[in-house]
Amino acid sequence: MAEVDIAPNFGLELKDGFKTVNSWVSNGIVWLEDIQQFYHERSIIEKEYSAKLAALAKKYYEKKAKKSSNLSVGDTPLMTPGSLESASLTTWTTQLTTLESRAAEHDRFGGELESHLAIPLKTLATRYEEIRKRHTDYADKLEKERESTYADLRKMKGKYDVACQEVENKRKKSESAFDYSKAKAQNAYAQQQAEMNNVKNSYLIAINVTNKQKEKYYHEYIPELIDSLQDLSESRTAKLNGIWSLAAQLETGMLTRSTEFLNHLSQEIPRNVPALDSMMFVRHNAGPWQEPANKAFEPSPVWHDDDLMIVDESAKVFLRNVLSKSKGQLSDLRREVDKKRREIDNVKKVKQAIREGKDKRSEVEIVGIIFAMQEELHQIDHKRLTAEAEVTTITEAVGDVTIGAKSHNFKSQTFKIPTNCDLCGERIWGLSAKGFDCRDCGYTCHSKCEMKVPAMCPGEQTKEERKKLKAERQEAANGPKTQVGTGGSAAELPAMDRTDTMNSLSSGYAASANRSIAGSDLKSPTDEAPSDRPTSLKPQASGVGTLRKNRIVAPPPAAYISELPGSNAGMNGSSSNEQKAKMLYAYDSNGDGEISVAEGKEVVVLEPDDGGWTKVKLGANFGLVPTAYMELLPIPAARPSSIYSNSGSSVQSKKQGPAVAPRRGAKKLKYVEALYPYEAQSETEWSMIEGDRFVLIKEDPGDGWVEVERGGSVKSVPASYVQAA
């Protein structure tokens, strides 16, 4: 028999040949029943002496001759094998020849054939057939998954056709409308055109998603399944070799007269390398194969169009929102796919250990677990492919339109009072009246309008400013429809007069959320000019162009109106249980609502602020100062539970740097742990070894980096090198 130089790979060489390979593997498993029946019948014949042994050998010579082609090259080979036989059949022929050479057998040997060979072969055939059926079921699931993707594409095509038809209807209606309703009809026509463009873009994205999934199906899923069938077939051959070897050993022990023949048989069996049968099958079945063509854009029969993405300003709003959402999900999906693949590889190692006899678990159960995990992987990978296709398609069409965008902080909201959508101006109807509400500026919209809202959030607003913005937005929504992005109320938003702050995630400085081009030393308040207060109480990069994010000063609460100069509370002095603080640094007022305090002065804490600013009183004056600029002092008597503290203890034994106080109700800190060692390439990156722990500051925005904090400094590390701790 020929030697194997390079083991064949069904997945690479047969491509979409699952049915052919499955049929071939099934023939091999069914053949095990023949061999099992052979040993059973031989056990009976052995007891009737050698007269029937010759007849038995002749019978199975004939069976082998009938199945020689099917077992060697399958049911429908592209090239007939002629007189050639597979390596297993050649070994089987040697076995029958040895049988013919033996003229007599003992009764005990017949019993051993039944207990040591026939029964194990029956169990083996049942197990392999069940495993093969699992492969078939999984192949059906893959095909349904592929057809489901095609069906989704057809549905999207149908939506696009409906949208095109609706545009045509609106156009006809606008042309036939009377003067008093023509403007309204034209607005409806323009709005429907924008909707059609969005549906078209979704259709184009769905085409790319389907093509990506199709590529996965033909280049990864099916080849991997075919490789598994090849592995099953070769495993069957290996097990069959073991059975034959056992039969040879039994005969060697029982019949000394047949020792010479059996030794020859034992020498032939190890030459039956499992890959030899696979090699012969591949050579006689491999043929040309062409991958199905990619899906292409099909224009609507009522709206003739091309396959170009719509990139006008209205479409860019929709594409920007889709791109922002996809980029936010992409890094998490990639990590989840990698995690799932590592888990599947570990389970495959268990399967290999079972075949090597190192693990006693059921191989059938393990194979079922592998396919279940692969099905989960395909679902997650489908989401990843969808996100990648969306990012790639949109970026190639309009570039990265998320750069510089100020996305709204939308949260799902149930409106209990009548509320209008700020985009379309319509009432948010429904029993539950569900929609979206921006937590920063108060922008409200329908769920269907979320992806159409321009990314022009002005940031955190006061109650009065929200009312003003609401009125402007409703006026714009109910006015004549214009192209989004060419104008709007966003440019007329009131300027904010207070800088924003950031929560401190550790005892050290809170670092900037953006990676600096060159690492800068942190500055304390005493290093800065007295008239220039920190823009966010976060370390500032020394490079030019550092952005300032403004913050609004809330009006003083009504509870403190009585503490104005001249009030009774101010004249009577402070209570004995008031929370006091000592200024660690001098602070000069830099805006309305603030107060100037010298270093070392004691102040009374009136009201803590969630943004990192505390309201204090000094004599008859009161105002806001940075929380990080002062240190809380012990309270002489028991203090109320509402008194604010910016640390876990009521007394700080040593001064802290200008870190921002945590917001009340802030989320618990998240930690990450290093999976691999990494050497920093610049001062803005952390070096780490496996097992290092950091505080997670900012998750991967899509560029492959996360920002973490350790020892009061925030730097970046590769996202793929860490995992949640």
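Two strands pair if DSSP finds at least two bridges between them. The model used in these exercises is predicted.

**Exercise 1. The three-stranded sheet**

Task: How many bridges join strand 2 to strand 3, and which strands stand at the edges of their sheet?

Solution:
- Step 1. Take strand 2 (residues 434-438) and strand 3. Three bridges join them, and the two run antiparallel.
- Step 2. Find a facing pair. Glycine 435 stands opposite histidine 446 in strand 3.
- Step 3. Place the pair in its sheet. The sheet is open, has three strands in the order 1-2-3, and pairs in the antiparallel sense.
- Step 4. Read off the edges. Strand 1 (410-414) and strand 3 (444-446) each have a single partner strand, so one side of each is left without a neighbour in the sheet.
- Step 5. Add the twist. Neighbouring strands here are turned by 35° against each other on average, direction ignored.

**Exercise 2. The five-stranded sheet**

Task: What is the strand order of the open sheet of five strands, and which residues of strand 11 are buried?

Solution:
- Step 1. Write the order. It is 14-13-12-11-15, with antiparallel pairing.
- Step 2. Name the edge strands. They are strand 14 (713-718) and strand 15 (722-724), and each pairs on one side only.
- Step 3. Note the twist. On average, neighbouring strands of this sheet are turned by 45° against each other, direction ignored.
- Step 4. Follow strand 11 (residues 671-674) to strand 15. They pair in the antiparallel sense over three bridges. Valine 672 faces alanine 724 of strand 15. Alanine 674 faces valine 722 of strand 15.
- Step 5. Follow strand 11 to strand 12 (residues 693-698). Three bridges join these antiparallel strands. Glutamate 673 has arginine 693 of strand 12 as its bridge partner.
- Step 6. Sort the side chains of strand 11. Val672 and Ala674 point to one face and are buried. Tyr671 and Glu673 point to the other face and are not buried.

**Exercise 3. A hairpin**

Task: How many residues lie between strand 8 and strand 9, and which turn residue has a positive phi?

Solution:
- Step 1. Check the pairing. Strand 8 (residues 613-618) and strand 9 (residues 621-626) pair in the antiparallel sense over six bridges.
- Step 2. Pick a facing pair. Lysine 615 stands opposite leucine 624 in strand 9.
- Step 3. Look at the turn. The two strands form a hairpin with two residues between them. Glycine 619, in the turn, has a positive phi of about 65°.

**Exercise 4. Two packed helices**

Task: At what angle do helix 5 and helix 10 pack, and how is that arrangement described?

Solution:
- Step 1. Recall the description. Two packed helices are described by the angle between their axes and the distance between the axes.
- Step 2. Apply it. Helix 5 (residues 107-176) and helix 10 (residues 363-398) pack at about 10°, with axes 10 Å apart.
- Step 3. Classify. Helix 5 is therefore roughly parallel to helix 10, since angles under 35 degrees count as roughly parallel.
- Step 4. Inspect the contact. Helix 5 contributes residues including Arg127, Ile131, Tyr138 and Leu142. Helix 10 contributes residues including Val364, Phe371, His378 and His382.
- Step 5. Sort by class. The contact has six nonpolar, six polar and seven charged residues.

**Exercise 5. Two residues inside helices**

Task: Are asparagine 198 and valine 337 buried or exposed?

Solution:
- Step 1. Locate asparagine 198. It lies in helix 6.
- Step 2. Compare with the cut-off. Asparagine 198 has a relative accessible area of 6%. Buried means under 20%, so asparagine 198 is buried.
- Step 3. List its contacts. Not counting residues up to four places away in sequence, asparagine 198 touches Ala315, Phe318 and Lys452.
- Step 4. Turn to valine 337, in helix 9 (residues 313-355). At 1% relative accessibility, valine 337 counts as buried.
- Step 5. List its contacts. Leaving aside neighbours within four places in sequence, valine 337 meets Leu377, Ile380, Asp381 and Arg384.

**Exercise 6. Helix 4**

Task: Which residues of helix 4 are buried, and what covers them?

Solution:
- Step 1. Check the span. Helix 4 (residues 87-101) has 15 residues and reaches 22 Å from its first C-alpha to its last, close to the expected 21 Å.
- Step 2. List the buried residues. They are Ala87, Ser88, Leu89, Thr91, Trp92, Thr94, Gln95, Leu96, Thr98 and Leu99.
- Step 3. Name the cover. It includes helix 2 (18-47), helix 3 (50-73), helix 6 (179-254), helix 7 (259-268) and helix 8 (274-285).

Note on methods: Residues numbered from 1 in each chain as written. Predicted model: local features only at pLDDT ≥ 70, side-chain atom pairs only at ≥ 80, totals over all residues. Heavy atoms only, no water. Helix = DSSP H or I, 4+ residues; strand = E, 2+ residues; numbered from the N terminus. Expected span 1.5 Å × (residues − 1). Buried < 20%, exposed > 50% of the residue type's maximum accessible area, 1.4 Å probe, protein only. Contact = heavy atoms within 4.5 Å. Axes fitted to C-alpha atoms, helices over the stretch in contact; angles between N-to-C directions. Parallel < 35°, antiparallel > 145°, perpendicular 65-115°, else oblique. Nonpolar A, V, L, I, M, F, W, Y, C, P; charged D, E, K, R; others polar.
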